[in-house]
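The following exercises ask you to read geometry, burial and packing from a set of coordinates. Work through each one with the structure open, and compare your steps with the solution below it.

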Amino acid sequence: MRPHWLAVPLVSLAVATPALAQEDPIKVGILHSLSGTMAISETVLKDTVEMLIEQQNAEGGLLGRELEAVVVDPASDWPLFAEKARELLTQEKVDVIFGNWTSVSRKSVLPVVEELNGLLFYPVQYEGEESSENVFYMGAAPNQQAIPAVNYLHDQVGVERWVLAGTDYVYPRTTNKILEAYLKNEFGVVDEDIMVNYTPFGHSDWQNIVSEIKAFGSEGRKTAVVSTINGDANVPFYRELGNQGIDAADIPVVAFSVGEQELTGIDTGPLVGHLAAWNYFMSVDTDANYDFIDAWIEHTGDEMAVTNDPMEAHYIGFNMWTEAVRKAGTTEVDAVKDAIIGVSVPNLSGGYATMMPNHHITKPVLIGEIQDNGQFSIVWETPSTVAGDAWSDYLEGSRDLISDWRKPMECGNYNVVRGSCGGSQAEEAASQE
């Protein structure tokens with residue numbers, strides 16, 4: 001029987017047949033780190049895509065053909081991501097790639113998929129300032145996560161001083177550049193009330209940094225940490241917060257890269273009340289979500305298995321890709337790119353996600369509080385879905401840009417002032433930081 005969470009009104013699934021046609025399989029590339037510092041976050045995303053492939057095959061495949069997973073391990077090595085993407089496209093001849101987590105890994109893969117005309121479905125929140133014809137951005141842009149989170153902290157919590165703490169690469173740096181401009185322009189925050197700190201991937205010694213955060217927040221004005229710390233560095237960071245007695249009542253932390261999976265490695269008792277901003281939480285109360293969780297537990301064989309936001313992004317992306325393939329009647333890349341714009345499929349929160357002309361999707365924004373069982377209690381959400389912006393309204397050189405991959409424009413950075421495609425170095429400048 002078809003799982004309820006795949007039986008959706010706008011996705012016309014093929015009728016299951018006893019045997020798939022004896023044609024070459026449709027190859028699905030999976031490009032996620034299974035080792036190294038990002039394995040804590042990425043391994044479950046590989047497993048998610050494999051589960052979706054198995055379910056699709058159980059429903060009769062796609063266009064009457066079986067789907068075949070082709071898994072590679074770029075091992076948290078950013079140049080290796082490019083090599084593995086090239087291997088998937090030239091040697092394995094995959095029809096689509098689901099993969100990446102960090103923006104530096106995506107930036108590494110981007111020229112490869114553009115050169116070889118591949119398709120990449122990217123499932124993680126990112127800094128924006130990019131729109132590629134060959135990439136579909138399933139995670140949140142800053143206006144779908146970072147800016148709503150800051151609004152919540154300012155309006156609901158009364159935060160006046162801001163710690164922007166991140167891992168040292170393009171996503172945190174560009175996101176924080178956007179947030180600094182936003183805080184100053186919208187709320188009148190001055191430089192003295194913003195503390196910025198960056199640490200390397202895998203950073204483990206947080207004692208001095210957390211002490212500095214504690215001191216910064218001890219001046220009698222409400223302070224919060226906006227965290228873009230990625231990967232396994234989150235475990236010692238949160239542990240040190242607990243060690244130094246920083247709780248959410250004193251200095252709340254809102255994280256953009258910590259979800260249910262990352263919390264499985266942390267004693268969450270001292271972290272109750274700290275926050276995360278995502279577009280999905282495992283605690284969402286919908287039938288579709290409960291069915292997804294049940295399917296995930298069955299797939300893993302682990303009753304304690306958790307789901308998270310990037311997993312939902314792969315769920316949405318996979319369903320959008322399969323619908324576009326059906327709509328186009330082929331896996332041919334250019335046909336799929338044309339067919340996917342405007343496709344809507346259910347999310348797990350009770351609404352729908354739609355692929356926009358800028359290759360970003362519509363998403364709800366949720367803020368959750370960490371509970372002592374490692375789950376999140378949703379404390380705030382947008383009243384409707386938000387369309388992702390490829391280019392920030394708060395960065396010089398970006399606010400005049402739009403992205404629209406439909407004919408006749410077919411441009412990722414159209415300058416509305418100049419009336420031409422291109423004309424800004426914002427993306428290049430961001431990638432160099």
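**Exercise 1.** Determine what span helix 4 should have at 1.5 Å a residue, and compare this with its end C-alpha atoms.

*Solution.* The model is a predicted one. Helix 4 covers residues 146–157, and because each residue is taken to contribute 1.5 Å, its twelve residues should span 16 Å. The C-alpha atoms at its two ends are 16 Å apart, which agrees with that expectation. Turning to burial, the residues of helix 4 that count as buried are A146, I147, P148, A149, V150, Y152 and L153. After the helix comes G158, which has a positive phi near 80°.

**Exercise 2.** Apply the length test to helix 3, and then find where this helix is kinked.

*Solution.* Helix 3 runs over residues 103–115, thus 13 residues, and reaches 19 Å from its first C-alpha to its last, which is close to the 18 Å expected. The kink, of about 30°, lies at V109, shortly before the proline P111. V109 also belongs to the buried residues of the helix, among them S103, R106, L110 and V113. The residue N117, which follows helix 3, has a positive phi near 55°.

**Exercise 3.** Which residues have the most contacts inside the largest nonpolar core, and which helix supplies the largest share of that core?

*Solution.* The largest nonpolar core has 101 residues, and those with the most contacts inside it are M138, F237, Y238, M320 and W321. Its largest share, nine residues, comes from helix 10, residues 309–328. If residues up to four places away in sequence are left out, M138 touches residues including A313, I316, G317 and M320, as well as F121, Y122 and P123. A second core, separate from this one, has 26 residues and includes I147, W162, A224 and F256.

**Exercise 4.** Why is one side of strand 17 and of strand 19 left without a neighbour in the sheet?

*Solution.* The open sheet has three strands in the order 17-18-19, and their pairing is antiparallel. Strand 17 (401–404) and strand 19 (420–421) stand at the edges with a single partner strand each, so one side of each has no neighbour in the sheet. Strand 18, residues 411–415, pairs with strand 19 over two bridges, and Y414 stands opposite C421 of strand 19.

**Exercise 5.** Test the radius of gyration of the chain against that of a compact globule.

*Solution.* For 433 residues a compact globule would have a radius near 22 Å, and the chain has 21 Å, which agrees. Buried residues make up 60% of the chain.

Key. Residues numbered from 1 in each chain as written. Predicted model: local features only at pLDDT ≥ 70, side-chain atom pairs only at ≥ 80, totals over all residues. Heavy atoms only, no water. Pairing = 2+ DSSP bridges. Helix = DSSP H or I, 4+ residues; strand = E, 2+ residues; numbered from the N terminus. Expected span 1.5 Å × (residues − 1). Bend = angle between axes of the 7 residues up to and from the residue. Buried < 20%, exposed > 50% of the residue type's maximum accessible area, 1.4 Å probe, protein only. Core = buried A, V, L, I, M, F, W, Y, C linked by side-chain atoms within 4.5 Å. Contact = heavy atoms within 4.5 Å. Rg over C-alpha atoms; globule rule 2.2 N^0.38 Å.
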